[in-house]
Amino acid sequence: MGSSGSSLHAKTFAVDNRRVFVGSFNFDPRSARLNTELGFLIESPALARELATAFAERIPGRAYRVTLGERKHLNWLDLQDGETVVQTTEPGGSRWKRSMVALLGLAPIEWLL
């Protein structure tokens, strides 16, 4: 079985320590109009608190924090042994993928975002 280069991922967050959202839905007009995406809103204060704790304490050591750097370029902040390492190119992204993203960025599709 081959790989399409895509990945399965979910948007997951807690709201007001009372509710949890888990889904594939992107909060933009393109997802609302064109994609068949979905999400679950779960009313569970215990789950919401656990999720908030995980994002505050465990996730930062396992995920990149993306910020806007100089001249509005993206930076990926990586927490390594308590120190923040700034990467200016997407971690794990090949030169080919970065070139394709740059090329697609020239396409006049802003209205879809």
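Mentor: Helices (H or I, at least four residues) and strands (E, at least two) are DSSP runs, numbered from the N terminus. Keep in mind that we're looking at a predicted model.

Trainee: Okay, which element gives the most to the lining of the largest pocket?

Mentor: The lining of the largest pocket has 16 residues. Two elements, β5 and α3 (95–104), each supply at least two residues of that lining. With 6 residues, the top contributor is α3.

Trainee: And what volume does the largest pocket have?

Mentor: Find W76, E90, K97, R98 and V101, the lining residues that lie nearest the pocket's centre. That puts you in the right place to look at a volume of about 500 Å³.

Trainee: Let me step back to the fold. What pattern does the chain follow, read along the sequence?

Mentor: Start with the inventory: the chain has 3 helices and 6 strands. Put in order along the sequence, they read β-β-α-β-α-β-β-β-α.

Trainee: Is N75 buried or exposed?

Mentor: N75 is found in strand β5, residues 74–80. Skip its neighbours within four places in sequence, and N75 is still in contact with R65, V66, T67, G69, V86, Q87 and T88. The cut-off for buried is under 20% relative accessible area. N75 has 15% relative accessibility, so it counts as buried.

Trainee: How about G61, what does that one count as?

Mentor: G61 lies in the loop between α2 (45–57) and β4 (65–68). Partly exposed covers the range between 20% and 50% relative accessible area. G61 comes in at 48%, so the call is partly exposed.

Trainee: How far apart in space are G61 and T84?

Mentor: In sequence, G61 and T84 are 23 residues apart. In space, going C-alpha to C-alpha, the distance is 10.0 Å.

Trainee: On to charges. How many salt bridges does a search of the whole structure find?

Mentor: Side chains of opposite charge can pair when their charged atoms come close. Here E43 pairs with R18 at 3.2 Å, N to O, and R19 pairs with E43 at 3.1 Å. E50 also forms a salt bridge with R58, the closest N and O atoms being 3.0 Å apart. For the whole structure, the search total is 3.

Trainee: Which residues are linked in a network of salt bridges?

Mentor: The side chains of E43 and R18 meet in a salt bridge. That pair links E43 in strand β3 with R18 in the loop between β1 (11–15) and β2 (19–23), 25 residues apart. E43 also meets R19 in a salt bridge; R19 lies in strand β2 and E43 in strand β3, so this pair ties together parts that are 24 residues apart in sequence. The linked residues are R18, R19 and E43.

Trainee: What relative accessible area does E50 have?

Mentor: E50 is a salt-bridge partner of R58. R58 counts as partly exposed at 37% relative accessibility. E50 is partly exposed too, with a relative accessible area of 42%.

Trainee: Last one: which residues form a nonpolar patch on the surface?

Mentor: I42 makes a handy starting point, in strand β3 (residues 39–43). Patch members need over 30% relative accessible area, and I42 has 33%. Together the patch has about 380 Å² of accessible area, and its members are L38, F40, I42 and L47.

Definitions and conventions:
Residues are numbered from 1 along each chain as its sequence is written. This is a predicted model: local features need pLDDT of at least 70, side-chain atom pairs count only at pLDDT 80 or more; totals for chains, interfaces and linings use all residues. Side-chain values use heavy atoms; hydrogens and water are left out. Buried means under 20% relative accessible area, exposed over 50%, partly exposed in between (1.4 Å probe, protein chains only). Contact means heavy atoms within 4.5 Å. Patches are made of residues with over 30% relative accessible area and no salt bridge: like charges are joined within 9 Å, nonpolar side chains (Val, Leu, Ile, Met, Phe, Trp, Tyr) within 5 Å. Accessible areas come from the Shrake-Rupley method with a 1.4 Å probe; for residues, only the protein chains shown count as cover. A salt bridge is a side-chain nitrogen of Lys or Arg within 4 Å of a carboxyl oxygen of Asp or Glu. On a 1 Å grid over the protein atoms alone, a cavity is a set of points where a 1.4 Å probe fits but cannot get out, and a pocket is an open set with protein on both sides within 12 Å along at least five of seven lines; lining residues have an atom within 4 Å of a point. Grid points are joined across faces, edges and corners, and a volume is the space filled by probe spheres set on the points.
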